[in-house]
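Me: I should like to learn how to read a few features of a protein model. Could we take them one at a time, with the general idea followed by the case at hand?

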Amino acid sequence: MAGNDALTTAEEYQDLLLESAGFAEFLLGLAAISASQIADGTAPVLCTITVERDGAPSTVASSTEEGRRLDETQYVADAGPCLTAVRQQTVVLIDDIDADTRWGLYARAALQQGVHSMMAVPIPTDSPARAALNCYAQRAHAFDQRTVRRVQGHAQSLSRILRLALRLHAPEAYTGHLRNALKSRAAVDAAIALIMLQHRGGREDALELLQVAAKSSDRRIQDIARDIVDGGSFSAARLDGG
């Protein structure tokens, strides 16, 4: 992979921060910039940025909707390569997701999205905040040594502006109700990904299966989704509530 020749300058990062309506919008801009600079013309890369601070739910910004779903799949199980990179401040490289056995749920969701390799790199921040840049590729072994060095260098280049953004934008006040809502959304997305993989259907078909199961068992979709995620399959859901 060769990076974009038009590298973002410090002034452009500052403009992004000044023009963003909030912290989430700013991270979205950083994710989009990262995707454009790390990918080449023939091998697109999905980029997400994960930030954790002050015990608040993780803030996730993605260059695509698929990237957001992949990151949120990890939050259901509270484990995965991105969270490992954030919390342990270490580089995580998966050359072939199909052959990796560390995070089963994440691997199934990634393969469903057509992702076969990924890399998560910490972005240096000020304590107690922690952050990581996550890159997804559609082919296995997409991150050679040159690309690894480039991703690490790009993550380092984001440090200064991200630290400034963290100081300017106070953490959002999440109520317990909103925290639960965010977790429920992530669980439903993860369950849909598993159903799509097992039934080889589309997102709408998977959602319809969830809705039918909820109606027939008189249970909430969120509860059925959690059972699916915990059991690893649609058939593992306790549809009768027993």
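Me: How many of the eight residues of strand E1 (residues 45-52) are buried?

Reply: Please bear in mind that this is a predicted model. A residue is called buried when its relative accessible area is under 20%. In this structure eight of the eight residues of strand E1 meet that condition, so the strand is largely enclosed by the rest of the structure.

Me: Which residues of E1 lie on one side, and which on the other?

Reply: Val45, Cys47, Ile49 and Val51 are on one side, while Leu46, Thr48, Thr50 and Glu52 are on the other. Both faces are covered, as the residues of each are all buried.

Me: Which strand is joined to E1 by eight bridges, and do the two run parallel or antiparallel?

Reply: The partner is strand E5 (residues 130-137), and the two strands run antiparallel. Within this pairing, Glu52 of E1 stands opposite Arg130 in E5.

Me: How many disulfides does the structure hold?

Reply: A disulfide is a covalent bond between the sulfur atoms of two cysteines. The structure holds zero disulfides. Cys47 is in none, and the nearest cysteine sulfur, in Cys135, lies 3.7 Å away. The cut-off needed here is a sulfur pair within 2.5 Å.

Me: Why is there no bond between the sulfur of Cys82 and the closest cysteine sulfur?

Reply: The closest cysteine sulfur to that of Cys82 belongs to Cys135, and there is no bond because the distance of 9.3 Å is too far.

Me: Are Cys47 and Cys82 buried or exposed?

Reply: Cys47 counts as buried because its relative accessibility is 0%. Cys82 is buried as well, with a relative accessible area of 0%.

Me: Over which ring does the charged end of Arg53 sit?

Reply: The ring is that of Phe23, and the charged end of Arg53 is 4.6 Å from the ring centre. As for pairs of aromatic rings, such a pair is described by the distance of the centres and the angle of the planes. The structure holds one aromatic pair.

Me: What is the secondary structure of the chain as a whole?

Reply: The chain has nine helices and five strands. Along the sequence they follow the pattern α-α-β-β-α-α-β-α-β-β-α-α-α-α.

Me: What share of the residues in the chain is buried, and what is its accessible surface?

Reply: Of the 242 residues in the chain, 48% are buried. The accessible surface comes to about 11800 Å², and carbon and sulfur atoms account for 48% of that area.

Methods
Residues are numbered from 1 along each chain as its sequence is written. This is a predicted model: local features need pLDDT of at least 70, side-chain atom pairs count only at pLDDT 80 or more; totals for chains, interfaces and linings use all residues. Side-chain values use heavy atoms; hydrogens and water are left out. Buried means under 20% relative accessible area, exposed over 50%, partly exposed in between (1.4 Å probe, protein chains only). Helices (H or I, at least four residues) and strands (E, at least two) are DSSP runs, numbered from the N terminus. Accessible areas come from the Shrake-Rupley method with a 1.4 Å probe; for residues, only the protein chains shown count as cover. Rings of Phe, Tyr and Trp (its six-membered ring) pair if their centres lie within 6.5 Å; planes under 30 degrees apart count as stacked, over 60 as edge-to-face and the rest as tilted. A charge sits over a ring if NZ of Lys or CZ of Arg is within 6 Å of the ring centre and within 35 degrees of the ring normal. Two strands pair if DSSP finds at least two bridges between them.
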